[in-house]
Amino acid sequence: MAKVLATLRNHWKKSTFGACLLGWGGHWLYGKHCDNLVRRAACQEAQAFGNQLIPATMPLKKATVFLNPAACKGKAGNLFEKNAAPILHLSGLDVTVVKTDYEGQAKKLLELMENTDLIIIAGGDGTVQEVITGLLRRADEAAFSKIPIGFIPLGKTCTLSHTLFPESTSQVQHITNATLAILKGETVPLDVLQIKGEKEQPVFAVSGLRWGSYRDAGVKASKYWYLGPLKTKAAHFFTTFEEWPQKHEAALMYLGPTERPPEEEKLPRPPFPVRLFRRLRSLLFSPAAPKEVAPEDWEDLKLSTIELSIATRNRKLDLTRTEDFMDICIEADTVSKGDFVVRGSKKMRDPLMCPEGSQCIKASRCILKLPEGTEGSFGIDNEEYEAMPVEVKLLPRKLRFFCDPRMREQMLQAAVQ
């Protein structure tokens with residue numbers, strides 16, 4: 001050891017390299033130590049839930065976890081086992097973990113799922129989109145859509161994290177916070193988009209749909225991995241060498257926002273004589289004549305855009321708003337090449353941003369008609385689908401997701417202000 005230190009003192013290059021290596025190693029070890037402290041604190045908090053007494057006749061709550069091990073470049077399985085699984089098992093839940101082996105499997109598994117008290121999605125945006133699509137395609141979706149859903153962010157893109165959980169200093173803390181939020185039981189209602197083609201089964205999304213040049217360029221960014229942090233700008237820059245300006249033409253029909261009905265209160269079931277009287281009354285007396293339904297007021301629009309997006313309001317959740325609508329953003333097709341590159345980088349961070357100068361429409365339902373022979377793809381919750389004419393319908397407050405109590409408090413305070 002003395003010889004090594006003497007060598008480092010006599011050779012400044014080796015000494016500098018050794019100091020850097022020692023500093024990096026110390027920082028890495030300190031980070032691992034902090035992660036272990038976070039895991040220990042989370043497990044202790046989960047143990048408190050598991051120690052709560054329940055009546056002997058009450059069964060344990062069943063939680064079904066849909067885990068995508070391929071998320072986060074194959075690291076999701078290890079992240080789940082180290083950071084989320086111990087918390088769930090210590091909490092007293094009866095946990096069943098279902099691992100998906102290939103893309104689209106979660107949709108099929110949801111068709112076979114039996115009754116459960118909680119659904120937990122462990123993955124990224126793609127896993128969320130698959131699970132809710134499988135859930136809402138079920139024949140008994142009216143009952144199953146009332147099951148609360150937990151989300152453990154393990155994927156490369158986890159859009160819902162910004163709505164459900166506060167910012168965290170590390171990935172470990174983010175995962176443990178999300179898992180503990182399931183145990184704390186606070187939920188928020190989220191809107192869902194039902195997207196249906198002419199022949200295909202409907203697809204469901206909690207974020208939105210994108211169609212345009214920014215989305216197409218963003219998909220190509222991974223091809224320029226060798227450029228490091230410049231790969232996004234490179235993908236958008238090389239896109240400008242193609243036909244310019246890039247225009248996407250379509251016809252759009254839409255309906256305006258709908259008034260939000262009040263929350264349904266769960267009333268106690270009336271006694272048997274009252275139920276019998278109501279039943280006899282409905283049989284003996286003819287029902288009242290149905291009210292005339294006003295015709296739907298559709299708006300027509302021809303559009304030419306560099307990108308079209310249809311998004312829910314889940315990113316900016318307002319628990320007290322009085323109208324239900326989705327945001328349709330039609331971006332101008334007169335963007336310069338320089339602005340396209342700069343704006344493209346911003347859209348990689350916030351894909352559904354609506355830049356200045358765009359046409360913004362609030363709608364509860366819309367029909368997008370594409371010209372015959374249109375090529376390209378949609379991005380639905382960051383998953384790629386073939387571009388085709390579709391009908392998009394808003395399903396307001398369709399699903400309830402567990403969230404951190406601090407985020408719910410922030411939403412309520414923002415609504416009051």
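**Close-up 1. S213 is tucked away in helix α10**. In this predicted model, S213 counts as buried because its relative accessible area is 1%, below the 20% cut-off. The residue sits in helix α10. Setting aside neighbours within four places in sequence, S213 is in contact with Q246, H248, I306, E307 and F340. Keep an eye on F340, since T240 in the next view is in contact with F340 as well.

**Close-up 2. T240 follows helix α11 and is buried too**. T240 belongs to the loop between α11 and β8 (248-255). With 4% relative accessibility, T240 counts as buried. Beyond its neighbours within four places in sequence, T240 is in contact with K337, F340 and V341. As for helix α11 itself (residues 231-239), its buried residues are T232, A234, A235, H236 and T239. Those buried residues pack against α10 (213-220) and α13.

**Close-up 3. One disulfide ties C329 to C354**. By the distance rule used here, the count comes to 1 disulfide. A disulfide is a covalent bond between the sulfur atoms of two cysteines. Here the S to S distance is 2.1 Å. The torsion about the S-S bond of C329 and C354 is about 90°, so this disulfide is right-handed. The pair links distant parts of the chain, 25 residues apart: C329 is in strand β13 (residues 326-330), while C354 is in the loop between α13 (337-349) and β14 (359-363). Are the two partners buried or exposed? C329 is buried, at 4% relative accessibility, but C354 comes out as partly exposed, at 32%.

**Close-up 4. C72 and C158 are in no disulfide**. How far is the sulfur of C158 from that of C72? The sulfur of C158 is the nearest cysteine sulfur to C72, and it is 8.1 Å away. A pair has to be within 2.5 Å to be called a disulfide, so these two don't make the cut. C72 is partly exposed, with 22% relative accessibility. C158, on the other hand, has a relative accessible area of 15% and counts as buried.

**Close-up 5. Helices α5 and α6 pack at an angle of about 35°**. Two packed helices are described by the angle between their axes and the distance between the axes. For α5 (residues 105-112) and α6 (residues 125-136), the axes are 8 Å apart. The crossing of α5 past α6 is right-handed. On the α5 side, the residues that meet α6 are Q105, A106, K107 and L110. Their counterparts in α6 are E130, V131, T133, G134 and L135. Sorted by class, this contact has 4 nonpolar, 3 polar and 2 charged residues.

**Close-up 6. The largest nonpolar core has 33 residues**. In soluble globular proteins, nonpolar side chains tend to be buried together. Which residues have the most contacts inside this core? They are I119, F151, L160, L164, L399 and F401. The elements giving two or more residues to the core are α5, β3 (118-123), α6, β4 (149-153), α9 (171-184), β5 (187-197), β18 (390-402) and α14 (405-416). Of the contributors, α6 gives the most, with 5 residues. Zoom in on I119: apart from neighbours within four places in sequence, I119 is in contact with T64, F66, M113, V131, L135, I147, P148, I149 and G150. Another core lies apart from the largest one and has 26 residues, among them V203, A250, F378 and V392.

**Close-up 7. V98 in strand β2 pairs up in space with L67**. V98 lies in β2 (residues 94-99). Along the chain, V98 and L67 are 31 residues apart, yet their C-alpha atoms are separated by 6.0 Å. Outside its neighbours within four places in sequence, V98 is in contact with T64, V65, F66, L67 and L109. T64 and F66 are also among the contacts of I119. V98 is partly exposed, at 21% relative accessibility.

**Close-up 8. Stepping back to the whole chain, there are 14 helices and 18 strands**. Of its 417 residues, 42% count as buried. Among contacts between residues at least 6 apart in sequence, 80% join residues at least 24 apart.

Notes. Residues are numbered from 1 along each chain as its sequence is written. This is a predicted model: local features need pLDDT of at least 70, side-chain atom pairs count only at pLDDT 80 or more; totals for chains, interfaces and linings use all residues. Side-chain values use heavy atoms; hydrogens and water are left out. Axes are lines fitted to C-alpha atoms, for helices over the stretch in contact, and angles run from 0 to 180 degrees between N-to-C directions. Helices (H or I, at least four residues) and strands (E, at least two) are DSSP runs, numbered from the N terminus. A crossing is left-handed if the near helix is turned anticlockwise from the far one by less than a right angle, and right-handed if clockwise. Contact means heavy atoms within 4.5 Å. Ala, Val, Leu, Ile, Met, Phe, Trp, Tyr, Cys and Pro count as nonpolar, Asp, Glu, Lys and Arg as charged, and the others, Gly among them, as polar. A nonpolar core is a set of buried Ala, Val, Leu, Ile, Met, Phe, Trp, Tyr and Cys residues joined through side-chain atoms within 4.5 Å. Buried means under 20% relative accessible area, exposed over 50%, partly exposed in between (1.4 Å probe, protein chains only).
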